[in-house]
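Good morning, colleagues. Please take a moment with the sequence and the structure before I begin.

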Amino acid sequence: MTLAVSDLRGAIDRLVVAMARDFDALNAADGALGDGDLGVTLTRGTKAMQEAAPTLPEDLGQALLACAQAFTRTSGSSYGTLMATGLMSIAKALKGRTGVEASEVSALIAGARDAMQARGKAELGGKTVLDSLDAMASATAGLSDPAEVASAAVDAATRAQAAMKDKPATVGRARIFGEKTIGMDDPGMIAMTAIAAAIAGR
């Protein structure tokens, strides 16, 4: 099964619903370790993508680039910037194409992870969204059925979030809290778990 722009539009609609639902929880989690605006960032960003969705071109690369640009216009937050960076990485890989196979998702996630890592100057194992993406890329490798890929991605993000909970944050503003972050979920990882679940339709 080939995934096209119509699938992207459906995923965006599900993201808007999920981010509105998790608005307060994301802000609260972020408020414990950061600015407390993660819910705001993701709600505004996904709504901007939804507003752009009707006029997205069939070229997946161009469509994802338009989504990244729409997201960026709503927020200057570090997480918003990283999300846009990841989207632009995938957009570049899919430029000129109208479809993508589920078997390619792992490599696309890995590419987004690498681009975001280069932009954010963070290392894997630092208790950030990079750890979520790394787990998702590994879990989806070798899979070709869309439903299996989606399920594996959600499960991997969930496991990565749980695995990092009892580790200290070493990146970004959260690192200031040091040992106090042990036992706390990273807000960015919480968000990525929610994003993966929404895309999968859970």
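Thr 41 touches Phe 71, Ser 75, Ser 77 and Gly 80, leaving aside residues up to four places away in sequence. This is a predicted model, and I ask you to keep that in mind throughout. Thr 41 itself belongs to helix H3. Is Thr 41 buried or exposed? Its relative accessibility is 4%, and because buried means under 20%, Thr 41 counts as buried.

One of those partners, Phe 71, leads us to helix H4, where it is among the buried residues. The others buried in H4 are Leu 60, Gly 61, Ala 63, Leu 64, Cys 67, Ala 68 and Ala 70. What do these residues pack against? Their partners are strand E1 (2-3), H1, H3, H5 and strand E2 (100-101).

At the N-terminal end of H4, Asp 59 acts as the cap, with a side-chain oxygen 2.8 Å from the backbone nitrogen of Gly 61. As for length, H4 has 15 residues and, at 1.5 Å a residue, should span 21 Å; its end C-alpha atoms are 22 Å apart, so the two values agree.

Let me now turn to the interior. The largest nonpolar core comprises 52 residues, and those with the most contacts inside it are Leu 42, Leu 56, Tyr 79, Met 136 and Met 192. Several helices each supply at least two residues of this core, including H3 (38-52), H4 (60-74), H7 (129-140) and H9 (187-200).

Finally, which residues does Met 136 touch? Setting aside residues up to four places away in sequence, they are Ile 109, Ala 153, Ala 156, Ala 157, Met 192 and Ala 196. Thank you for your attention.

Notes:
Residues numbered from 1 in each chain as written. Predicted model: local features only at pLDDT ≥ 70, side-chain atom pairs only at ≥ 80, totals over all residues. Heavy atoms only, no water. Core = buried A, V, L, I, M, F, W, Y, C linked by side-chain atoms within 4.5 Å. Buried < 20%, exposed > 50% of the residue type's maximum accessible area, 1.4 Å probe, protein only. Helix = DSSP H or I, 4+ residues; strand = E, 2+ residues; numbered from the N terminus. Contact = heavy atoms within 4.5 Å. Expected span 1.5 Å × (residues − 1). Polar contact = N/O pair within 3.5 Å; in protein donor to acceptor, adjacent residues only side chain to side chain.
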